[in-house]
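Thanks for asking me to look this one over. Have the structure open while you go through my notes.

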Amino acid sequence: MGERKMLIDGRLTDGSGGRTFDNINPATEQVLGPVADGTAADMHEAIAAARRAFDTTDWSTNHEFRQTCLRQLQAALESEREDLRAELVAEVGCPVLSTYGPQLDAPLREALTWPADMIDTFAWKRTLEPKDAFGMGVFTDREVWKEPIGVVGVIVPWNFPMEIILNKLGPVLAMGNTCVLKPAPDTPWNATRLGRLIAEKTDIPPGVVNIVLASDHLVGEVLTTSPLVDLVAFTGSTATGRRIMAAASKTLKPVFLELGGKSVNLVLDDADLATTIPSAAGVCFHAGQGCAMATRLLVPMSRYDEAVELALMGFKGVTYGDPTDMSNLMGPLVSKRQQQRVLGYIEQGKAEGARLMCGGGVPSHLPVGYYVEPTLFANVDNSMTIAREEIFGPVLVIIGFTDDDDAVRIANDSPYGLSGVITSGDLERAKGIARRIRTGTLGLNGGNWYGADAPFGGYKQSGIGRQCGLEGLEIFTETKTVGWPSA
Ligand code: NAD
């Protein structure tokens, strides 16, 4: 049974309303158990606690203590790693295989420890040249100080919940901020477990991390409007990101947004299609519920039919079903709502004239659970809805291009710009194309850019700001410039 209670001001609590909502297993449709259903009043209390902890304790200035706390939290998570793994599979419906990589083990290795280590080397201060700014013979010594931004509202989705939480919490806390975390209602237990571990196994002071669960998304909106919150760090859909940005504008609060994507898997004409194309079926991993997945496969028009056959071969090899089975690449969608949304896109693809090569429905052998078959569309034009909108399901579209310029044009003809993949027989050629694609991350010839030290985020409507890396630390800081008469 997972943890029911939220964390507010250092206390594990059921919240002011005393209500709960159910955590559902998307593979079995069974209720896993209850979780506290927070209210706007709980959110206000949590924000006030975070404000107090920032304004009245030495959390924001005590570097060594913060390092100790982050390492304690890392050890606490490690101590319950296997329970956390099982819980993630149960509430997210993610294949257990994914928990040995991006879903759990990869972030657990470094998402807290890399920022903790960086506290020692981060450029908290830089010295400017002494200057006679107004030419009056008065020289001034000057420094630029980096300081924590204050109270951060952290709002996260359900697809890689622990990965996203840790990659936000690490930098937020390392930089000296306090926060209120609002997890997605679909996947509450990994966050409530984190709250219990913070309360029971770390010296993180009350109010530094608050975790408020709510079945009502609008409880999260309080974070975007409260004058006590200094920045909102959000990962989720572009539609919600837009709404958050609008709400935050009333208090001129900066927003850090990690949003959706419609990334390309671009296979150039000198690539070995036979070894490259089948792996495009990797979009089915975790039922396609990844923002950075390369869901538009761009192939040379001259070899289009061959590419479609190879992609189909890849799709036939996708294993799916029970997410606790190590041999499965994909489990169910996270909810009935997501399943219906994905099926709706598939119908739209058919209606707009794309050619359905495989899948397209609910698998008949999996009547229970929110499953959708691995689905491949050919004869897709980049103007079709299934090529433009983020489906967030196990669906790949194949688009042909005439030459490199055409491929770059199609890749960039998207409101999104989050990630992508390029394969070429010539790495320098792949790099040349990479420079022309307006997107925040790119994997070249099978390479992987991911890591706590690697900035991740989007161009265009895929977001504002970067998570992880130096940029992901700086985003949680303010800049103060000071000057005094030179000696
Ligand atoms: P969502 O936007 O519906 O919800 C995300 C979070 O925002 C949830 O916690 C939700 O409760 C909260 N929320 C909803 N409305 C809100 C409001 N008005 N004010 C404040 N908070 C609000 O997204 P989702 O369906 O949970 O997740 C899927 C989306 O997340 C996809 O579009 C995916 O691309 C995106 N995503 C992006 C990244 C990235 O790093 N770019 C990573 C993972 C997921």
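Below are some points on the ligand site and two helix pairs.

1. Keep in mind that this is a predicted model. I'd start with the ligand, which has 28 residues around it. The closest ones are Lys 182, His 217, Ser 237, Leu 259 and Glu 390.

2. Now for the polar side chains. Glu 390 puts a polar side-chain atom 2.5 Å from a ligand oxygen atom. For Ser 237, an N or O atom of the side chain sits 2.7 Å from an oxygen atom of the ligand. Glu 221 faces a nitrogen atom of the ligand instead, with a polar side-chain atom 3.1 Å away.

3. Glu 221 also turns up in a helix contact, as part of α9 where that helix meets α10. Helix α9 covers residues 217-225 and α10 covers residues 238-248; their axes are 8 Å apart at an angle of about 45 degrees. That angle makes the pair oblique, and α9 crosses α10 in a right-handed sense. Along with Glu 221, α9 brings Leu 218, Thr 224 and Thr 225, while α10 offers Arg 243, Ile 244, Ala 247 and Ala 248. Sorted by class, this contact has 4 nonpolar, 2 polar and 2 charged residues.

4. The other pair is α6 (residues 113-121) with α7 (residues 161-174), packed at about 25 degrees with axes 8 Å apart. So α6 runs roughly parallel to α7, and the crossing is right-handed. Pro 115, Ala 116 and Ile 119 of α6 touch Gly 170, Pro 171 and Ala 174 of α7. That contact has 5 nonpolar residues, 1 polar and no charged ones.

Conventions
Residues numbered from 1 in each chain as written. Predicted model: local features only at pLDDT ≥ 70, side-chain atom pairs only at ≥ 80, totals over all residues. Heavy atoms only, no water. Axes fitted to C-alpha atoms, helices over the stretch in contact; angles between N-to-C directions. Helix = DSSP H or I, 4+ residues; strand = E, 2+ residues; numbered from the N terminus. Parallel < 35°, antiparallel > 145°, perpendicular 65-115°, else oblique. Left-handed = near helix turned anticlockwise from the far one by under 90°. Contact = heavy atoms within 4.5 Å. Nonpolar A, V, L, I, M, F, W, Y, C, P; charged D, E, K, R; others polar. Near = heavy atom within 4 Å. Polar contact = N/O pair within 3.5 Å; in protein donor to acceptor, adjacent residues only side chain to side chain.
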